[in-house]
Amino acid sequence: MTLGLINANPVVHAKKERVARTEDPHGDDAVDPLDIYDFVRDIRDPEHPYSLEQLSVLSEESITVDEKLGRILITFTPTIQHCSMATVIGLCLRVKLKHCFPPHYKVDIKVSPGSHANEESVNKQLNDKERVAAALENPNLRQLVDECLYSSEL
Amino acid sequence: MRRKSSAGVVTSTDAKAVAESFLQNLQVQSLGQHDRKLCFELLECLLERYPNTVTPMGDELIYGICEAVDSEKDPQCLMLTFHIVEVLVQLFPDTSGPFASFAGDLFEILSCYFPIHFTHPRGEDLGIKRDDLSRALMLDSLKYLSSCTSNYGPERMAKHARAIWLSIKDALYTSLQEPTLSFTSESLDGLVFQENEIAKEALTLLQQVIMQNNGLFLSLIVEDEDINIILNAVPSYESYSDIPLQGKLKLFAAGCILSISTKTSVACCNMIFESFFPRLMEILGLSEKKLSGDHSPKDNYLISKRLNFGALYLSVELLAACRDLIAGSTQIACKSVSTYETSHCMLHSFSNLLTKAFCSTLVTSPHDADIYFGVKGLQILATFPGDVSPVPISEFENILITFMSIITVDFKKTLLWRLALKALMNIGSFIDKNNESEKILSYMRIVVEKIVSLVSLDDVTMPFPLKLEAISGIGRSGLNYMLHIIQGFEEALFANLSEIYVHGNVKSAKVTIWLLECYSNKLLPWIHENGVFEEVLLRFPINIWKQIESCVDFSVPEKELLDAMMTAMKHAVAFCSEESQNEIIQKSYNVLSSSTSFPLKESVALTIPVQLEGLQLTQKMDNLSCRDEWILSLFASVVIAVRPQTHIPNVKVILNLFITTLLKGHVPAAQALGSIVNKFGKSSTGSEISSDCTLEEALDIIFQLKLWTHLNNGALLRCSVNGSEMGHTDLCQAVVNNKLPQILAITGLSWIGKGLLLRGHDKVKDVTMIFLECLLSNGNALPLSQNSLENSCEQDLRASVMKSAADAFRVLMSDSEVCLNRKFHAIIRPLYKQRFFSTMMPILQPLIMKSDSLLSRSMLYRAFAHIISETPLVAVLGEAKKLIPILLDCLSMLNKDAQDKDTLYSLLLVLSGILTDKDGQEAVVDNAHLVINCLTGLIAYPHMMLVRETAIQCLVAMSELPHARIYPMRIQVLQAISKALDDSRRAVRQEAVRCRQAWASIASRSLHF
């Protein structure tokens, strides 16, 4: 982190208004992309005091979910091509979703096509559970992830 | 310097010295930020605390301040300077004083802050956000400018007119961040700037300066480029949705400016109308030029193309402002038409066209915005005050007719319908308030009568609930209308009722139920609030009784109808005064005694209650004829609703009647009994009612009757009420015949008990003892020589009797909508729930401990649950420590049966109340593991989502207990929660995530920030 910021001047977007869901006692309460988005939109960016939503790293449209098969696919867009924080962001997403969904969900996390210089290797790294587990055992990394997850009040 | 400013006990001479040296020696703007801030604080202090010392310094002081304040840029200092200037102005109120000569300088200094540019880097300013600052500054300066205006008079202000006008415009444009227009019926007469203080202040200022110097400012407005640009842009967008956001804001701002300047005075109104109105009309396609050519088809002129939204909006704003102005000035009683000449003439010549144009908008436009302003425009045209109205009465009637046709035909367009109704209500109340007799007449003819006829018509096209909404809305907009409507309403009601009585018409029954509901929920309360209609209130119940009396045989299958009828009866009676109630109850008693088969002879009732009782019981349970049941129920309703002072004729007989009927399963009779004992004797002792009986006698009657001992028979126990011991009678017969009466008797008794409990009578103890003995009856029950079939049958019976006894506690404790509440004049002792709670708990707790039979223990839990969930939380908290274990057992017991879900939920709410309270948490600590066991069990409760959600919320609250206590349970909780993450309901899942995080973070340092 001594090398200075990787993206020193990111574009900040306005937070979208939270839509309160209408209370419908008999409505369809299946897991939908908005559910997932609500969990992850406030994750803080590893190097800026903005949320992933504000930096447009994530959007509701970039999340797909198949409740029957129990699969979630999140595609995120790093702010710049060679962002080394992409893996950290991916790791944050993974940890957060692990907390918020029962273990039988399979979560795939990818960077959106063409948005990152090392797209393939980043995708591979993020979906390799051995490497994820190893990364989370690194105390520094773990602390960084936790900071991003739980300091959402900016 | 710093020391002195903070000391606060500086003498005035010292203060003067400080001020002088300040003015002579300090070049404030050449200092650093911190020092400047201190300087301003010092100045502020001097001005506020030593006004008498510094005022004589006059010019010098003001000049010094001007100099110090000039071109200040730091936000924190700016806040101070603005305050300083404000105080300064207050110090020199004299318009010809020293301050006046500096006014110009000050304006220059201040006006450079508009518009505000805030370039301060983020994060450096401590707690001052850009928005806060600019808002505060703007508000202050606007207020300041208005006070200047009133202080300095028109001549001095004239110099700055242009600057002020520009600032106002800027303030308006910048403060209107988002479109504040809303198109709901509520806003039809409402204000727009509820939150936007800056806009409000800016408009006030504008009004003030215009009032002072109207020629100058008006010409500024009329010639203003922006407004003209906005106006020119109007024709390019046809409908509201076409206009871009920025355009909407500008349009809105222009609307505000025009409206406020029109409102200011008559001359302004004329001028604004002259300069803008023709243009707007032209855009709308209504200009005179176009029409004067072919005069004859003018009347049939139909607006073919859609109205332009912008022009529609602006003209409605102008009309509204003009209307407000006229309405305001008529109250000051200067209403010569000539003063309004210009605007009046214009309006007069256009009113016909405008009306048509607005009407056609309503019919053709699919856009909410157009419809909204169309309705608003019509409403405004209809509410110009009488004598000076530019709108002739025929137009007024046309408007009413248009709205009425919307009401009757266009009920599918929800927004339009609601707006039209609201507009009609507004018009109605307006003309009613202003006493415009001619218009009221047309309103009555066109609106009220039509609306009344809607209800009585057998017209099925329009949904009935909408009819009722319309009728009650119109009725509530004026007394005269209401009187008229009530009359028609009752006619329709009785016509429908007789239809039902005579022909058993089911369709009318539904309509009647609606009518009755509307009557009791909407019309009655309004009548009561507004007053003076004793005879109207009285008429309804009396007529109902008369009608029933005259109908000798009828059969009404509808239970719902009877319920609605009873509710309406109760409400009507409850609102009546004592005298009217006496009249009603006398009438109803006459009907009851003359035309039913009930034995009402006093001698029978008093001398042979036992035989009577036996006689009644041997009869079939459902031998009540339909008509008798109606009369009895309605009579019970009257009794329930009367005031304590009202005299109930022949109480003893009635008591007996109610007792016998309640044993047939007639719950209203039980409620009426409860009501009688509740209100008894509070005022009737010693009066002429002594011919009847006192409360004690009444109670004796109730308790000496053998019905309660029947109850004991059935439950197979030897219980003594009033000392009379009952042995087992024929067991078999008791089981077969008395199965129902026992339960019914318990229900009846519970209502009586409630009546007693509310007034705090001792006898309630006896009642509860009977319930308790029922609950415990299991222990000494001796099913002797019966075969197994009867035995099991008896088991069932016993269980259901016990259950009803347990449920009786809910009746005792809960608030009832139906009877024994404030609305129906019950006598309610303060804190009766707490009192009952604290008497019952010491009795129940040992009983639960001692109870060895599963059944009666579960029933005791049930009773416990009912009591505790109805007790105010404060009372429960005091005992929380003792109650928690029982409460938990209770929860796990209720968990077993899906039927108990509501009880379970209300009990869980008690637990959650305890857990979220500070003292409550302390009480829980010792039993933490029990609580958590219980809650984790409830996370998977399948029958009710609220239970799961609340259980998880309780767990979140538990995570705040001392860590040492709860740490051992952590794994257990996390495991249980992870299942809830997969819950079928979203709300539960979200709570589960919260809970999971709360519990996960108590273990790892890194998770908690």
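Start with chain A: among its contacts between residues at least 6 apart in sequence, 68% join residues at least 24 apart. Keep in mind that this is a predicted model.

**Stop 1: chain A as a whole**

Select chain A and colour by secondary structure. Five helices and three strands appear. Walk from the N terminus and the elements run α-β-β-α-β-α-α-α. Now show the surface. Its accessible area comes to about 8,500 Å², and carbon and sulfur atoms account for 52% of that. Of the 154 residues in chain A, 45% count as buried.

**Stop 2: an aromatic pair in chain A**

Over all chains, the structure holds nine aromatic pairs. Select F39(A) and F101(A) and show their side chains. The ring centres are 5.7 Å apart and the planes stand at 90°, so this pair is edge-to-face. Where does each partner sit in chain A? F39(A) belongs to helix α1 (residues 33-40), while F101(A) lies in the loop between α2 (86-100) and β3 (106-111), so the pair ties together parts 62 residues apart in sequence. Both F39(A) and F101(A) are buried.

**Stop 3: an aromatic pair in chain B**

Move to chain B and select F494(B) and F540(B). Here the ring centres lie 6.3 Å apart with the planes at 40°, so the pair is tilted. The cut-off for edge-to-face is over 60 degrees, and stacked needs under 30. This pair also links distant parts of its chain: F494(B) is in helix α23 (residues 479-503) and F540(B) in helix α25 (residues 534-550), 46 residues apart. F494(B) and F540(B) are both buried. Now add F489(B) and Y519(B) to the selection. Ring pairs link these two with F494(B) and F540(B) into a cluster.

**Stop 4: chain B as a whole**

Zoom out. Chain B has 49 helices and two strands. Buried residues make up 56% of its 1009 residues. Turn on the surface: chain B exposes about 43,500 Å², with 53% supplied by carbon and sulfur atoms. Take the contacts in chain B with a separation of 6 or more; residues 24 or more positions apart account for 78% of them.

**Stop 5: H825(B)**

Select H825(B). It is found in the loop between α38 (788-813) and α39 (832-850) of chain B. Is H825(B) buried or exposed? Its relative accessible area is 17%, so H825(B) falls under the 20% cut-off and counts as buried. Next, show A574(B). Its backbone oxygen lies 2.8 Å from a polar atom of the H825(B) side chain. Which other residues touch H825(B), leaving aside neighbours within four places in sequence? Besides A574(B), select Q581(B), A641(B), V642(B), R643(B), P644(B) and K679(B).

**Stop 6: helix α44 of chain B**

Finish at helix α44, residues 918-925 of chain B. Begin at its N-terminal end and select D917(B), which caps the helix. A side-chain oxygen of D917(B) lies 2.8 Å from the backbone nitrogen of D919(B). Then pick out the buried residues of α44(B): G920(B), Q921(B), A923(B), V924(B) and V925(B). What do they pack against? Show these helices of chain B in turn:

- α41 (873-878), α42 (880-894) and α43 (901-915) are among the partners.
- α45 (928-938), α46 (945-958) and α47 (963-966) are also among them.

How values were computed: Residues numbered from 1 in each chain as written. Chains lettered and ligands numbered in written order. Predicted model: local features only at pLDDT ≥ 70, side-chain atom pairs only at ≥ 80, totals over all residues. Heavy atoms only, no water. Buried < 20%, exposed > 50% of the residue type's maximum accessible area, 1.4 Å probe, protein only. Helix = DSSP H or I, 4+ residues; strand = E, 2+ residues; numbered from the N terminus. Contact = heavy atoms within 4.5 Å. Polar contact = N/O pair within 3.5 Å; in protein donor to acceptor, adjacent residues only side chain to side chain. Areas by Shrake-Rupley, 256 points an atom, 1.4 Å probe, with all protein chains shown as cover. Phe/Tyr/Trp six-rings, centres within 6.5 Å; stacked < 30°, edge-to-face > 60°.
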